[in-house]
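Colleague: Could you take me through the packing of the nonpolar interior and its aromatic rings, slowly and with care? I would like one connected account rather than a list.

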Amino acid sequence: MFYGRHTELEKLNGMYNSGCFELAVIYGRRRVGKTTLIREFVKGKKSIFFAASESTASDNLLSLSRCIGGKNSAPVFRDYESALETLFEIAENERIIFVIDEFPYLAESYRGISSLIQIMIDHNRERSKLMLILCGSSMSFMENQVLGYQSPLYGRRTAQFKILPFTFFESLPFLSNFEPIDKAVLYGMTGGVPEYLNKINAQSNVHENIVNLFLSTSGHFFEEPSNLIKQELREPSTYNVIIESIACGASRLNEIATKSGLESNKCAKYLTSLITLGLVRKEYPFGKTISKRSIYRLEDNLFRFWYRFVFPNISAITAGLGSLVFENEIKPLLNAYMGLIFEDICKQWLFEQAKQNTLPFFASKFGRWWGTNPALHTQEEIDIMAVRDDKALFAECKWTNSDIGIDVFHELKRKSELFHYNVNHLYIFAKKMSYGELLRKEHDKGCVKLFTLSEMIDSVK
């Protein structure tokens, strides 16, 4: 089954229907569904799909020749120039989609390919009906060597698509057999990466999925993050320590550096590489773009879960103690782990409401705020904030089994008054229906809006 990506498909089909030369650049981290999107798009259309490999230029040329000519009667082109010339000649008379998947591999084996494609485009674009798609998983390469100002291909693309993991709400079709809380937990351990979501067994419960996927040496995710780090980065052992420190709670640069045994400047460079890969994000307090209070968080839920619970317990899992690892190391901490995940889900829900124009004011940015209370000289945090002119939205997100009482409302109201907006809108999000009676009365008076996870899911359907 193919889920989501409707906006991308619509745009790609619009480009195809133009009948003119088009160059689409599609990129995103591994496993995010780029190739699946392309294969869905080319269904029923004449296309040539070339998947470059980590091999030599001659091997890739042979593979390209077979893709262009057909496996049984493929002429082997003498060089890449003649292969591309043939493609552009064919595309003078008919609409053809030519896909180069994992373009960075081809560029690594034949360094002149970008310049050659640029020359071919400039010479043929006015009369060509070719739709060229360059796809790649190396984020830095695609952004710098294909889309960047210094690239020979700069200015030639007619559209670019950065393919991101699904949000929680976009992931729901993969999780339809589960209850709302289980849906959130499963998203919290896999993120919105389609390939990971597809590995979840709908006939098993959360406990069984975690043990089978993560806590067994034959589990699909037992070595997945470690293998990806080895593929993408040198010095994997150093990156392992850095990612583990963030997964276990370190967020500021000096904390991460100390736990990793690195100097801060060196640690910052490693973090930059992880940000480029889409595994880590750097956050600033809401409303700031530069701040000494910046923190680092893991962007990828699979990595967050794996480095928090699997990496420290590799020896026990290898010894066949996966079920005991779950009972003793994961189950007691799962609610605490889900706190940040739930914040992200609530933020995603607010974006969905912004699209539907159901918020009290239009907001295009939501974020966490942390800082100093000037009166008490204490540190304060607000889970989610949004602002427009003299209006603000403040939200508290509670992933807890306990009842949420009136004290949560009073605390959120107090923190909202650290700012000086004319109108404050207060939201409290909860894991389940557990609001106290006094808090319900504040809701009925319109002083605060209350939403459970189930209500959020139902409202987005």
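Modeller: What follows goes from the nonpolar cores to the aromatic pairs, and then to one helix contact and two loop residues.

This is a predicted model, and in it the largest nonpolar core has 81 residues, with Phe214, Leu215 and Phe429 making the most contacts inside it. Helix α19, which covers residues 334-355, gives the most to this core, contributing 10 residues. If we look at Phe429 in particular, and leave aside residues up to four places away in sequence, this side chain's residue touches Phe342, Cys346, Trp349 and Leu350, and also Ala395, Glu396, Cys397, Lys398, Tyr435, Phe451 and Met456. Apart from this core lies another, of 38 residues, which includes Phe50, Leu106, Ala107 and Met142. As a general background, nonpolar side chains in soluble globular proteins tend to be buried together.

Turning to the rings, the count of aromatic pairs comes to 30. One of them joins Tyr239 and Tyr270 in an edge-to-face arrangement, with 5.0 Å centre to centre and 85 degrees between the planes. This pair links distant parts of the chain, since Tyr239 belongs to helix α13 (residues 236-247) and Tyr270 to helix α15 (residues 264-276), 31 residues apart; both tyrosines are buried. Tyr427 and Phe451 have ring centres 5.9 Å apart and planes at 15 degrees, so their pair is stacked. Here too distant parts of the chain are linked, with Tyr427 in strand β11 (residues 423-430) and Phe451 in strand β12 (residues 449-452), 24 residues apart. Tyr427 counts as buried because its relative accessible area is 2%, under the 20% cut-off. Phe214, already named for its contacts in the core, also belongs to a cluster in which ring pairs link Tyr196, Phe214, Phe221, Phe305, Phe309 and Tyr337.

For a helix contact, consider α4 (residues 80-90) and α6 (residues 113-124), whose axes come within 11 Å and cross at roughly 30 degrees, in a right-handed crossing. On the α4 side the contact is made by Tyr80, Glu81, Leu84, Glu85 and Phe88, which meet Ile113, Leu116, Ile117, Met120, Ile121 and Asn124 of α6. By class, this contact has 8 nonpolar, 1 polar and 2 charged residues.

Finally, the two loop residues. Glu102, in the loop between β3 and α5, has a positive phi near 55 degrees and is buried, with a relative accessible area of 14%. Asp389, in the loop between β9 and β10, has a positive phi of about 55 degrees, but this residue is exposed, at 65%.

Key
Residues numbered from 1 in each chain as written. Predicted model: local features only at pLDDT ≥ 70, side-chain atom pairs only at ≥ 80, totals over all residues. Heavy atoms only, no water. Axes fitted to C-alpha atoms, helices over the stretch in contact; angles between N-to-C directions. Helix = DSSP H or I, 4+ residues; strand = E, 2+ residues; numbered from the N terminus. Left-handed = near helix turned anticlockwise from the far one by under 90°. Contact = heavy atoms within 4.5 Å. Nonpolar A, V, L, I, M, F, W, Y, C, P; charged D, E, K, R; others polar. Core = buried A, V, L, I, M, F, W, Y, C linked by side-chain atoms within 4.5 Å. Buried < 20%, exposed > 50% of the residue type's maximum accessible area, 1.4 Å probe, protein only. Phe/Tyr/Trp six-rings, centres within 6.5 Å; stacked < 30°, edge-to-face > 60°.
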